[in-house]
Amino acid sequence: MRTKSVGKKKINVVTLGCSKNVYDSEVLMGQLEANGKKVVHEEKGDVVVINTCGFIDNAKEESINTILEYVDLKNQGVVEKVFVTGCLSERYKPDLEREIPDVDQYFGTRDLPILLKHLGADYKHELVGERLTTTPKHYAYLKISEGCDRPCSFCAIPLMRGGHISTPIEKLVTEAQKLAKKGVKELILIAQDLTFYGLDIYKKRALGELLQELIKVEGIEWIRLHYAFPSGFPEDVLDIIRTEPKICNYIDIPLQHINTELLKAMKRGTTFEKTNALLDKFREKVPDMAIRTTLIVGFPGETEERFEELKQWVRDQRFDRLGCFTYSHEENTTAFVLEDDILDEVKQKRVEEVMEIQQQISWEKNQEKVGKVFKCIFDRKEGDYFVGRTEYDSPDVDNTVLVPTKDVYISIGEFANVKITSAEDYDLIGELV
């Protein structure tokens with residue numbers, strides 16, 4: 001028996017997937033609040049909006065399980081309506097409508113005005129930069145563009161997000177100013193491809209110009225760059241990272257592989273030699289920069305020999321941060337015509353081998369930090385520790401700095417100088433100085 005709603009309906013937004021989805025959910029919530037709606041994030045609500053991910057198999061499975069969970073709650077009368085939006089819905093809408101018909105409506109990644117209508121709200125164009133952030137109050141994501149024009153053969157993102165569209169600099173500065181007034185100190189710039197920024201609206205790569213404007217925003221102390229692309233990297237950005245104290249000495253640049261033949265099959269527009277030359281330039285221009293990358297193992301044609309080449313390259317490059325994923329054979333991508341010729345257990349074993357190498361590198365690099373002092377921002381208190389990060393670490397994916405709570409107090413969201421007293425594989429332990 002369906003429950004009767006009392007008073008104003010509460011809309012619960014559930015976010016799955018990457019930081020781009022987090023941002024989109026925050027924009028949706030900001031619009032709903034501006035329309036006088038009561039909105040929560042991943043709490044109990046009368047109406048549920050699930051912002052899904054459809055990137056790889058694991059993400060799709062999580063999204064489907066979440067949809068089924070809320071449909072079950074709807075059938076029990078616990079929630080009244082279930083709406084689904086985001087990447088999975090964009091990519092598989094007809095299939096989802098057929099397989100899970102109890103969802104009230106499915107929406108794509110660019111259907112925000114239509115979704116709002118179904119929620120009894122109007123899309124307010126004047127809300128530039130207004131959103132309800134779901135991250136801790138001291139940091140926020142700033143999405144500088146949508147979609148992607150890159151032809152990577154393994155990637156379904158253009159199918160779900162469409163072509164690249166840059167957000168004008170003045171709008172991003174306005175958004176940054178509004179975030180700063182709310183207490184945000186760290187901006188994490190995100191996009192499918194940061195390095196493509198500006199080509200569509202300014203007819204040139206304009207990431208450097210955007211950074212020069214964002215550093216003028218009062219209250220913002222750290223600006224961090226996520227998801228750069230190795231081909232056509234704008235080198236003026238390196239000079240800005242080196243000379244501007246607000247720009248973190250950090251870059252996230254997913255390189256995916258190093259074998260030239262596999263890079264060609266992946267349609268990455270680069271080679272072994274070009275990739276290494278770019279990394280050399282990074283380290284030459286910004287010697288203190290932490291480089292984060294992600295790799296794909298098990299791509300069709302990754303022989304044992306090619307995998308050994310990848311492992312040796314990881315040993316040689318000694319990345320500061322590294323993530324590794326198994327190849328997911330995605331329909332409608334150009335790699336889908338290739339034979340997915342590597343067993344899942346082999347793919348998983350390769351991930352483990354790469355991460356074992358990286359774990360040792362991370363431990364060694366962390367030992368070098370013992371005795372040194374770092375400016376850290378503190379995200380939370382957890383058990384007997386205050387948990388913070390250096391400028392070389394992004395939230396949720398990188399290393400942490402732990403300061404014992406005994407005899408000290410640190411305000412969450414504040415900066416403090418920490419002397420490192422010991423180090424583990426992925427954590428630094430320190431004391432305030």
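Me: Why is the crossing of α8 and α10 in this predicted model called right-handed?
Reply: The name depends on the sense of the turn: a crossing is right-handed when the near helix is turned clockwise from the far one by less than a right angle. The axes of α8 (residues 236-243) and α10 (residues 272-285) cross at roughly 30 degrees and come within 9 Å. The crossing is accordingly listed as right-handed.

Me: What makes α8 and α10 roughly parallel?
Reply: The cut-off for that word is an angle under 35 degrees. At roughly 30 degrees, the pair meets it, and α8 and α10 are therefore roughly parallel to each other.

Me: Which residues make the contact of α8 with α10, and how do they divide by type?
Reply: L238, D239 and R242 come from α8, and K281, F282 and K285 come from α10. The division is 2 nonpolar, no polar and 4 charged. L238 and F282 are the nonpolar ones, because Leu and Phe count as nonpolar. D239, R242, K281 and K285 are charged, because Asp, Arg and Lys count as charged.

Me: Why is the crossing of α6 and α7 called right-handed?
Reply: Again the near helix has to be turned clockwise from the far one by less than a right angle. The axes of α6 (residues 169-181) and α7 (residues 207-214) cross at roughly 35 degrees and come within 10 Å. This crossing is right-handed. Its contact residues are I169, L172, V173 and A176 on α6, with E209, L210, E213 and L214 on α7. They divide into 6 nonpolar, no polar and 2 charged. The charged ones are E209 and E213, because Glu counts as charged.

Me: What makes α2 roughly perpendicular to α3?
Reply: The word covers angles of 65 to 115 degrees. The axes of α2 (residues 57-76) and α3 cross at roughly 80 degrees and come within 11 Å. That value falls in the range, so α2 is roughly perpendicular to α3. On the α2 side the contact is made by K60, S63, I64 and I67, and on the α3 side by L88, R91 and Y92. The split is 4 nonpolar, 1 polar and 2 charged. S63 is the polar one, because Ser is in neither the nonpolar nor the charged list.

Me: How do you know that β4 and β5 pair, and in which sense?
Reply: Pairing takes at least two bridges between the strands. β4 (residues 81-86) and β5 have 2, in the parallel sense, so the criterion is met. F83 has Q105 of β5 as its bridge partner.

Me: What is the strand order of the sheet that holds β4 and β5, and which strands stand at its edges?
Reply: The order is β2-β1-β3-β4-β5, in an open sheet of 5 strands with parallel pairing. β2 (38-41) and β5 (105-106) are the edge strands: each has a single partner, so one side of each is left without a neighbour in the sheet.

Me: How do α1 and α3 lie on these strands?
Reply: Helix α1 (residues 19-34) lies across β1 (10-15), β2 and β3 (47-52), at about 170 degrees to β1. Helix α3 (residues 87-99) packs on the sheet and touches β3, β4 and β5, its direction making about 125 degrees with that of β4. An angle over 145 counts as roughly antiparallel, so α1 is roughly antiparallel to β1. The α3 value fits none of the other classes, so α3 is oblique to β4.

Me: Why is the pairing in the barrel called mixed?
Reply: The barrel closes 5 strands in the order β14-β15-β16-β18-β17, with a twist that averages 55 degrees from one strand to the next. β16 (residues 400-404) and β18 (residues 427-432) pair in the parallel sense over 3 bridges. β17 (residues 415-423) and β18 run antiparallel, joined by 5 bridges. β15 (residues 385-389) and β16 also run antiparallel, with 4 bridges. Both senses occur, and the pairing is listed as mixed.

Me: Which residues are bridge partners in the barrel strands?
Reply: V401 has L428 of β18 as its partner, I420 has G430 of β18, and Y385 has P404 of β16.

Conventions: Residues numbered from 1 in each chain as written. Predicted model: local features only at pLDDT ≥ 70, side-chain atom pairs only at ≥ 80, totals over all residues. Heavy atoms only, no water. Axes fitted to C-alpha atoms, helices over the stretch in contact; angles between N-to-C directions. Contact = heavy atoms within 4.5 Å.
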